[in-house]
Amino acid sequence: MAKAKIGIVTVSDRASAGVYEDISGKAIIEVLGEYLTSEWEPVYEVIPDEQPIIEKTLIKMADQQDCCLIVTTGGTGPAKRDVTPEATEAVCDRMMPGFGELMRAESLKFVPTAILSRQTAGLRGDSLIVNLPGKPKSIRECLDAVFPAIPYCIDLMEGPYLECDESVIKPFRPKVK
């Protein structure tokens, strides 16, 4: 079985300032490490809030580095510099609006400002791209909500089979008759 490559992209203006500890990207790696029992390899980058750079990074991870899943963190709010959803939409062939809808609905259980979030998801070639918020607590809440659908989405795209620790997260896969 091939080792899955999963892209993790932290989008932050603080990244270009030089001294920056990326707790959000590390939180994604930690959560995925808890979920997944199949072999996987993180393809990890920290980049500034610049739409052309975000687009270039997503394209590289999808088209050249063969990431079946690319998870971004940061740049999903209403600030003028928050352009991750625009970059995602620009590089995707098809959008998957249910991911953003579910993440906002889940986050609204915890904070009323979740309505300000613009997370989205889409497909580029053989890759699923999912935008997450920037706070580690919110990252876990959103991944807990949407991840059960991700392995089956990757299956439908003929990607690597993602096995999960079902005591942590139970992926949904329809039963075959």
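## Leu 132 and its neighbours

Let's start with one residue: leaving aside neighbours within four places in sequence, Leu 132 is in contact with Ile 28, Val 71, Thr 72, Thr 73, Gly 74, Thr 76, Met 103, Gln 119, Ile 139, Cys 142 and Leu 143. Contact here means heavy atoms within 4.5 Å.

A word on the model: it is predicted, so local features need pLDDT of at least 70 and side-chain atom pairs count only at pLDDT 80 or more, while totals for chains, interfaces and linings use all residues. Residues are numbered from 1 along each chain as its sequence is written, and side-chain values use heavy atoms, with hydrogens and water left out.

## The largest nonpolar core

Leu 132 also appears in the largest nonpolar core, which has 32 residues; Leu 36, Leu 69, Leu 128, Val 130, Leu 132, Phe 147 and Ile 150 touch the most other members. A nonpolar core is a set of buried Ala, Val, Leu, Ile, Met, Phe, Trp, Tyr and Cys residues joined through side-chain atoms within 4.5 Å. Buried means under 20% relative accessible area, exposed over 50%, and partly exposed in between (1.4 Å probe, protein chains only).

Which elements give two or more residues to this core? They are strand S1 (4-11), H1, S3, H4, strand S5 (121-124), S6, H5 and H6. Helices (H or I, at least four residues) and strands (E, at least two) are DSSP runs, numbered from the N terminus. H1 gives the most, with 5 residues. Apart from this core lies another, of 15 residues, among them Val 11, Val 43, Ile 47 and Ile 54.

## Helix H5 and its cover

Helix H5 (residues 136-146) has these buried residues: Ser 138, Ile 139, Glu 141, Cys 142, Leu 143, Ala 145 and Val 146. Their cover includes helix H1 (23-35), strand S3 (69-73), H4, strand S6 (127-132) and helix H6 (150-156).

Ser 107 sits in helix H4 (residues 97-108). Is Ser 107 buried or exposed? Its relative accessibility is 10%, so Ser 107 counts as buried. Beyond neighbours within four places in sequence, Ser 107 is in contact with Ala 114 and Cys 142.

## H1 packs with H5

The axes of H1 and H5 are 9 Å apart, at an angle of about 35°. Axes are lines fitted to C-alpha atoms, for helices over the stretch in contact, and angles run from 0 to 180 degrees between N-to-C directions. By class, the contact of H1 with H5 has 8 nonpolar, 1 polar and 4 charged residues. Ala, Val, Leu, Ile, Met, Phe, Trp, Tyr, Cys and Pro count as nonpolar, Asp, Glu, Lys and Arg as charged, and the others, Gly among them, as polar.
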